[in-house]
Amino acid sequence: MKLATFNINGIKARTEALISWLKDASPDIVLLQEIKSLDDNFPRVIFEDHGYNVETHGQKSYNGVAILSKLPVEDVKCGLPGDPDDDQARWIEATVIGKQPLRFCGLYLPNGNPAPGPKYQYKLAWMDRMLTHARVLLKDEVPLLLAGDYNIIPQDEDAQQPKDWVDDALTKPDARAYFRRLLHLGFSDAFRLYNYGNGHYSFWDYQAGAWQNNNGIRIDHILLSPQATDLLLDCQIDSEVRGREKPSDHVPVWVDLDL
């Protein structure tokens, strides 16, 4: 089973680009972020015609997450628990049944800039809620996957120019600490189980020739519970997608699981 996460940066602007990648990569499940679309406006029929079941948790002009799945999805839940007043569409989770059940969560973690400030405090509070919910999900002891745009550069080796990010919310010690707490719960950073060192990125800004100079950062992550890690066959980044026509500033990250 091939599962990918992809911050598409606007589904309306990048439907054709997404379809092109789907044809090439043929993932079984895709978790999308920043669809920037209300549920009713998401072009679901196009993706259904390509064999995908579609679930969305949308928001006008901002945020928004979605699931594309060739397998039927069950027990779909939208919104990260813990704050009933949070109306930002940043979390969706569901279950598919392969050889065994897989619970997966698609997330778009807040950017948090400028930091310090209210947006950064929202980011930390959101991560605290995610940590609490992850503990609950782990109790079921089924393979579990948390995937999406984390807006976290875990270590300096995950940026070509670490000094450019010293004062950014993506590298602030408190934010990085929450990421490490997820790992301490038993989650594994799937990409780092197969790839080492620097030079591996999932985001390149549109400005200042970032893509041409490979001035990127790795902020799109797939974290696996111990049960899911046991099923991992590979994890890679489709970086060449960034050089295609009308690209997102992010690229897909995918895992292959023995499911």
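Over the face of which residue does Arg181 lie? In this predicted model, Arg181 is placed over the face of Tyr178, at 4.5 Å from the ring centre. A second arrangement of this kind involves Lys2, which lies over the face of Trp254, at 4.5 Å from the ring centre. The sheet and its helices are described below, followed by the aromatic pairs and selected loop residues.

An open sheet is formed by six strands, arranged in the order 5-6-7-8-10-9 with mixed pairing. The edges are occupied by strand 5 (74-78) and strand 9 (188-189); each has a single partner strand, so one side of each is left without a neighbour in the sheet. Within the sheet, strand 6 (residues 91-97) pairs with strand 7 (residues 101-108) in the antiparallel sense, and seven bridges connect the two. Among the residues involved, Trp91 has Leu107 of strand 7 as its bridge partner.

Two helices are associated with this sheet. Helix 3 (residues 118-138) lies across strand 6, strand 7 and strand 8 (144-149), and its direction is at about 20° to strand 6. Helix 4 (residues 173-184) also packs on the sheet, where it touches strand 8, strand 9 and strand 10 (220-224). The direction of helix 4 makes about 25° with that of strand 10.

Helix 3 comprises 21 residues. From its first C-alpha to its last, helix 3 reaches 30 Å, close to the 30 Å expected at 1.5 Å a residue. The buried residues of helix 3 include the aromatic residues Tyr120 and Trp126, together with Leu124, Met127, Met130, Leu131, Ala134, Leu137 and Leu138. Lys123, Arg129 and His133 of helix 3 are likewise buried. The packing partners of the buried residues in this helix are strand 6, strand 7, strand 8 and helix 4.

The loop between strand 7 and helix 3 contains Pro114 and Pro116. Each of these prolines is preceded by a cis peptide bond. The bond joining Asn113 and Pro114 is cis, with omega at about 0°, and the bond from Ala115 to Pro116 is cis with omega near 5°.

Another loop residue, Thr171, is found between strand 8 and helix 4. With a relative accessibility of 11%, below the 20% limit for burial, Thr171 counts as buried. Apart from neighbours within four places in sequence, the contacts of Thr171 are Ile153, Trp165, Val166 and Arg176. Thr171 and Gln155 are 16 residues apart along the chain, and their C-alpha atoms are separated by 7.8 Å.

Five aromatic pairs are present in the structure. One of them is formed by Phe6 and Trp21 in an edge-to-face arrangement, with 5.6 Å centre to centre and 75° between the planes. This pair links distant parts of the chain, as Phe6 belongs to strand 1 (residues 2-7) and Trp21 to helix 1 (residues 11-25), 15 residues apart. Phe6 and Trp21 are both buried. Trp204 and Trp211 form a further edge-to-face pair, with 4.9 Å centre to centre and 85° between the planes. The two members of this pair have contrasting accessibility: Trp204 is buried at 1% relative accessibility, whereas Trp211 is partly exposed, with a relative accessible area of 26%.

Positive phi values occur at two residues that are not glycine, Asn9 and Ser26. Asn9 has phi of about 55° and lies in the loop between strand 1 and helix 1. For Ser26, phi is near 50°, and this residue is located in the loop between helix 1 and strand 2 (29-33). The surroundings of the two residues are described by their accessibility: Asn9 is buried, with a relative accessible area of 11%, while Ser26 counts as partly exposed at 38% relative accessibility.

Key. Residues are numbered from 1 along each chain as its sequence is written. This is a predicted model: local features need pLDDT of at least 70, side-chain atom pairs count only at pLDDT 80 or more; totals for chains, interfaces and linings use all residues. Side-chain values use heavy atoms; hydrogens and water are left out. Two strands pair if DSSP finds at least two bridges between them. Helices (H or I, at least four residues) and strands (E, at least two) are DSSP runs, numbered from the N terminus. Contact means heavy atoms within 4.5 Å. Axes are lines fitted to C-alpha atoms, for helices over the stretch in contact, and angles run from 0 to 180 degrees between N-to-C directions. Rings of Phe, Tyr and Trp (its six-membered ring) pair if their centres lie within 6.5 Å; planes under 30 degrees apart count as stacked, over 60 as edge-to-face and the rest as tilted. Buried means under 20% relative accessible area, exposed over 50%, partly exposed in between (1.4 Å probe, protein chains only). A charge sits over a ring if NZ of Lys or CZ of Arg is within 6 Å of the ring centre and within 35 degrees of the ring normal. The expected span of a helix is 1.5 Å times one less than its number of residues.
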